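Student: Please take me through one part of this model in detail. I would like to start from a single side-chain contact and work outwards, with the cut-offs given as you go.

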Amino acid sequence: MPEIRYKNGDSVSLTFSECISDLYFHHLSGNHQRTDNDFHPLTACTNSTPFVVPILSIRVTLFPNSAGICIGLTHHHVASDANTFLRFVRSWASINKLGGDATITENPSILPFYDRSFVRDPIRLRSKFWSHFGEIKSEGFQPPPLRTNTVLATFILGRAEVQRLKKLVIPQIPKKSHVSAFTVVCGYVWSCMVKARARNGEEIVENGSEHLVLSADCRTLLDPPIPTTYFGNCIICFIVTIKSRELIQEDGFIVAAKSIGEAIQESVLKNKEGILKSAEKWVEDLKSLNRSRMVAVSGSPRFDAYDMDFGFGRPKKFEVVSPREVDSFSISGCKDNKEDFELGFHLPKANMDAFADILAKGIKPHSCL
């Protein structure tokens, strides 16, 4: 069974580098399109053996002409989910800002909770997952290479735009359905992404399906609930599947929002059989999907990545550089207004161009910078 292990002599890989291009810093910290190659020099690499995989590696790049730095973090998901990792980085940043004073971690609201026995496992998920992954031949771990034919871009959806989307959705679906800002944003973005692929000539099979892969923090949903400071992975995965032809229709985003709301309702909010009841099927369900018709969503509007300060001030830009081989987008709170949505995309260039056009014609995003 995999374990997080430390022995004397273990360390975290830390690399320092310097970039003298003033334009490069401002280019990377913008919202406009940037290529994967732009970020290659800033990402932290990990070195592993077939049986030992580093949990964390760090690269710090100095931009002396811009008086700026970039902190690139690569972490292995086996150690923690995004909630835990951001809590860790926020605590680390605060300690650094205070000159190494770690007394801040004595605050019960910050102190990590490590007790794995607190999580009940009546259907033996631990052994079932290990049985599956134990069949995979280990040849050492390296993060998938960044895709070289894609670009990254950031769009901001403000509170006013999100409210307009909700007003379009609510009259079209049953009153008991779950309609949140997250639901309508994901539905709208997903439909725009599928329409963008169709505009660029990708074949839309008559009975083909599109898949949206979502995750949700389930710390407070377990029985009994576990502390929000639980250090590790505590998320559930669920998949929303819709026919391709439905998503590319004019009202495709309403169909998407309704389906996402129903999935959240059934899998998360009203799952009387227990939040982990279907967990043993997650791996097989994901393996069965057509990856070319799949979109993965990461992050949460509740993640405040801009609330971190290492002593240099708040970040100018937070970027998720995804190594996924599928289309994806991330969600986080906006830098200057927590009620706005900051959406980060990682798409092929042609699809990004079409997506930006379709998104802008539906609702005009605005910049929070």
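Tutor: The side chains of histidine 346 and threonine 150 are joined by a polar contact of 3.3 Å. A polar contact here is a pair of N or O atoms within 3.5 Å; within protein, one must be able to donate a hydrogen and the other to accept it, and residues adjacent in sequence count only if both atoms are side-chain atoms. Please keep in mind that this is a predicted model, in which local features need pLDDT of at least 70 and side-chain atom pairs count only at pLDDT 80 or more, while totals for chains, interfaces and linings use all residues. Residues are numbered from 1 along each chain as its sequence is written, and side-chain values use heavy atoms, with hydrogens and water left out.

Histidine 346 also reaches aspartate 36, through a side-chain polar contact of 2.6 Å. Histidine 346 sits in strand E10, whereas aspartate 36 belongs to helix H2 (residues 36-39). Helices (H or I, at least four residues) and strands (E, at least two) are DSSP runs, numbered from the N terminus. Both partners in this contact are covered: histidine 346 counts as buried because its relative accessible area is 2%, and aspartate 36 is buried at 0%. The cut-offs are under 20% relative accessible area for buried, over 50% for exposed and partly exposed in between (1.4 Å probe, protein chains only).

Now let us step back to the strands around this histidine. In E10 (residues 341-348), seven of the eight residues are buried. E10 runs antiparallel to strand E5 (residues 150-157), with eight bridges between the two; strands pair if DSSP finds at least two bridges between them. Along this pairing, valine 151 has leucine 347 as its bridge partner, and leucine 157 stands opposite phenylalanine 341. The C-alpha atoms of histidine 346 and alanine 153 are 7.0 Å apart, although 193 residues separate the two along the chain.

What do the two faces of E5 look like, buried or exposed? Thr150, Leu152, Thr154 and Ile156 point one way, Val151, Ala153, Phe155 and Leu157 point the other way, and all of these residues are buried. That agrees with the count for the strand, where eight of eight residues are buried. Threonine 150, the histidine's 3.3 Å contact partner, is thus met again in the first of these two groups.

E5 has another neighbour, E2, which runs antiparallel to E5 over two bridges. There, arginine 34 has leucine 152 in E5 as its bridge partner.

Turning to E9 (residues 327-333), we find six bridges to E10, again antiparallel. Phenylalanine 329 is bridged to phenylalanine 345 in E10. Phenylalanine 329 is also the bridge partner of valine 297, on the side where strand E8 (residues 294-299) pairs with E9 in the parallel sense over five bridges.

Together, these strands belong to an open sheet of seven, in the order E2-E5-E10-E9-E8-E6-E7, with mixed pairing. E2 (34-35) and E7 are the edge strands: each has a single partner strand, so one side of each lacks a neighbour in the sheet.

One loop at the E7 end deserves a look too. The loop between E6 and E7 holds proline 224, and the peptide bond from aspartate 223 to proline 224 is cis, with omega near 0°. Most peptide bonds are trans.

As for ring contacts, the structure holds twelve aromatic pairs. Tyrosine 114 and phenylalanine 231 form a tilted pair, because their ring centres are 5.4 Å apart and their planes meet at 40°. Phenylalanine 231 lies in the loop between strand E6 (209-217) and strand E7 (235-243), and tyrosine 114 in the loop between helix H3 (82-97) and helix H4 (125-133), 117 residues apart. Rings of Phe, Tyr and Trp (its six-membered ring) pair if their centres lie within 6.5 Å; planes under 30 degrees apart count as stacked, over 60 as edge-to-face and the rest as tilted. Tyrosine 114 counts as exposed because its relative accessibility is 51%, whereas histidine 346, where we began, is buried at 2%.
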